[in-house]
Amino acid sequence: MAVTEQALAVDGGVPVHRGGWPRWPVWDEREEQALLGVLRSGTWGMVHGSKVTEFETAWGRFQQAQHCVAVVNGTSALEVALRALDIAPGDEVIVPPYTFIATAAAALLAGALPVFADIDPETYELDPAAVEAAVTPRTRAVIPVHIAGCPPDMDGILAVAKRHGLRVVEDAAQAHGAEWRGRRVGALGDLGTFSFQSSKNLNAGEGGAIVTNDEALFRRVWSLHNVGRTLSTDWRTSGWYQHDILGFNYRLTEFQAALLLAQMSRLEEQMARREQAARFLDRELAAIPGIRPQARDPRVTAHAHHLYVLRYDPAAFGGHTRSQFLAALRAEGVPASGGYTDPLHRSPAVVHAVRDLCSRLGRPDDARLQQPLPVTERASAVEGVWLTQSVLLAEPGDLQHIPEAMGKIQRAWAG
Ligand SMILES: Cc1ncc(COP(=O)(O)O)c(C=O)c1O
């Protein structure tokens, strides 16, 4: 084929997008001042500082939760949440298989068995009917994950939880500012957890938080993250060596809290830009045969767009695989990935840990792990394609290159 304007870049043609994409993180003198302020204060730890408390108040308010405890990362936030709920060895916790490993690892670290319930094929979010089907007499909790920053059907999941007496921990690691029917996520269930790891929409390199509207759970979470100390006015002095429960040291530093407060000053504006970009892509990409953007339940009143997810159909692209599509897309200058390629129920780490736990509990290997979860398997192996949140911060002229590149590839391959 002659190399012309229309030749695919992967075949030596001219790429659709030749510039860069927005850098992440975004920072300026606000972050510099915040970090220098903590440095110069000489108070770098939460124990004697005020920035962590200030951030906890601000984050709780932002997520419309009465209480917030900042911790070192999103994984420890989940671990603390499950401990606070007394999830114990042998209990079962229902999780989606289409998520980061931390969601299932937190259950395993608490000695509980993760039981996988499939996702909805339109939204890729945890399906309440699959949750209900996974409930057994041992089930104690469910972890709905707001994957990509989009809440699953929380009405459905909360109703299943209520019917079966389950505790609900929202994994909102990707869902800063997301809303379900006008209420921000995190405190829709018993507890909600966030991550501030470097790719996240609010970022301090690492960091996490737990939110709740339940005062007793808040006190327990606080104690667990601060080596089992009891929250009181004198915990820093006479309560310092009083440890009423076994806990962790998962305290955030003052530097991270100051950075997060500075990053928060941009969050609403970035959310609005991502929303506008996602609406534009939804419209433009829906017109390309074989590309279907993640569907959005109308009850999702705010999507955090940590990821922009679409479903790729090889049949509309002349049978080319997703890997070939991603390579062609990258050659056109559009950075996309296949996302979670290892469903958690097939992840070697999870499979080994479940087997090990079952043998320690004296139970047969958990046969449920062998069961197919077809929607997740298809999403992971065949159709899931992700763009990251920072791409959504691009200028309209650059964003336009995403549908242009996908359309160009589709026309070339459809023949
Ligand atoms: C859905 C989900 N849960 C949990 C985590 C864990 O957060 P962290 O990396 O801060 O430990 C992440 C982060 O990647 C995540 O995406």
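Rings of Phe, Tyr and Trp, the last by its six-membered ring, form a pair if their centres lie within 6.5 Å. Planes under 30 degrees apart count as stacked. The exercises below use a predicted model.

**Exercise 1. Aromatic pairs**

State how many aromatic pairs the whole structure holds, then classify the pair F248 and Y250.

Solution.
- A search of the whole structure gives 17 aromatic pairs.
- For F248 and Y250, the ring centres are 4.5 Å apart. The planes meet at 5°.
- Stacking requires planes under 30 degrees apart, so F248 and Y250 are stacked.
- Both F248 and Y250 are buried.

**Exercise 2. A pair between a strand and a helix**

Classify the pair Y312 and F325, and locate each partner in the secondary structure.

Solution.
- The centre-to-centre distance of Y312 and F325 is 4.4 Å, with 15° between the planes. The pair is stacked.
- Y312 belongs to strand β11, and F325 to helix α9 (residues 322–331).
- The two residues are 13 residues apart, and their pair links distant parts of the chain.
- Buried means under 20% relative accessible area. Y312 has 0%, so Y312 is buried. F325 also counts as buried, at 0% relative accessibility.

**Exercise 3. The sheet around Y312**

Work out the strand order of the open sheet with β10, β11 and β12, and find its edges.

Solution.
- The sheet has 3 strands in the order β10-β11-β12, and the pairing is antiparallel.
- β10 (291–293) and β12 (384–388) each have a single partner strand, so they stand at the edges. One side of each therefore lacks a neighbour in the sheet.
- From one strand to the next, the twist averages 30°.
- Strands of a sheet pair through backbone hydrogen bonds.
- β10 and β11 (residues 307–312) pair over 3 bridges, in the antiparallel sense. I291 stands opposite Y312 in β11.
- Y312 also stacks with F325.

**Exercise 4. A helix across the sheet**

Name the strands that helix α8 lies across, and give its angle to β11.

Solution.
- Helix α8 (residues 254–285) lies across β10, β11 and β12.
- Helix α8 runs at about 10° to β11.

**Exercise 5. Rings and charges**

Find the ring cluster that includes F62, and identify the arginines placed over the rings of F62 and W240.

Solution.
- Ring pairs link F55, W59, F62, F194 and F196 into a cluster.
- The charged end of R184 sits over the F62 ring, 4.3 Å from its centre.
- Over the ring of W240 sits the charged end of R229, 3.4 Å from the ring centre.

Conventions. Residues are numbered from 1 along each chain as its sequence is written. This is a predicted model: local features need pLDDT of at least 70, side-chain atom pairs count only at pLDDT 80 or more; totals for chains, interfaces and linings use all residues. Side-chain values use heavy atoms; hydrogens and water are left out. Two strands pair if DSSP finds at least two bridges between them. Helices (H or I, at least four residues) and strands (E, at least two) are DSSP runs, numbered from the N terminus. Axes are lines fitted to C-alpha atoms, for helices over the stretch in contact, and angles run from 0 to 180 degrees between N-to-C directions. Contact means heavy atoms within 4.5 Å. Rings of Phe, Tyr and Trp (its six-membered ring) pair if their centres lie within 6.5 Å; planes under 30 degrees apart count as stacked, over 60 as edge-to-face and the rest as tilted. Buried means under 20% relative accessible area, exposed over 50%, partly exposed in between (1.4 Å probe, protein chains only). A charge sits over a ring if NZ of Lys or CZ of Arg is within 6 Å of the ring centre and within 35 degrees of the ring normal.
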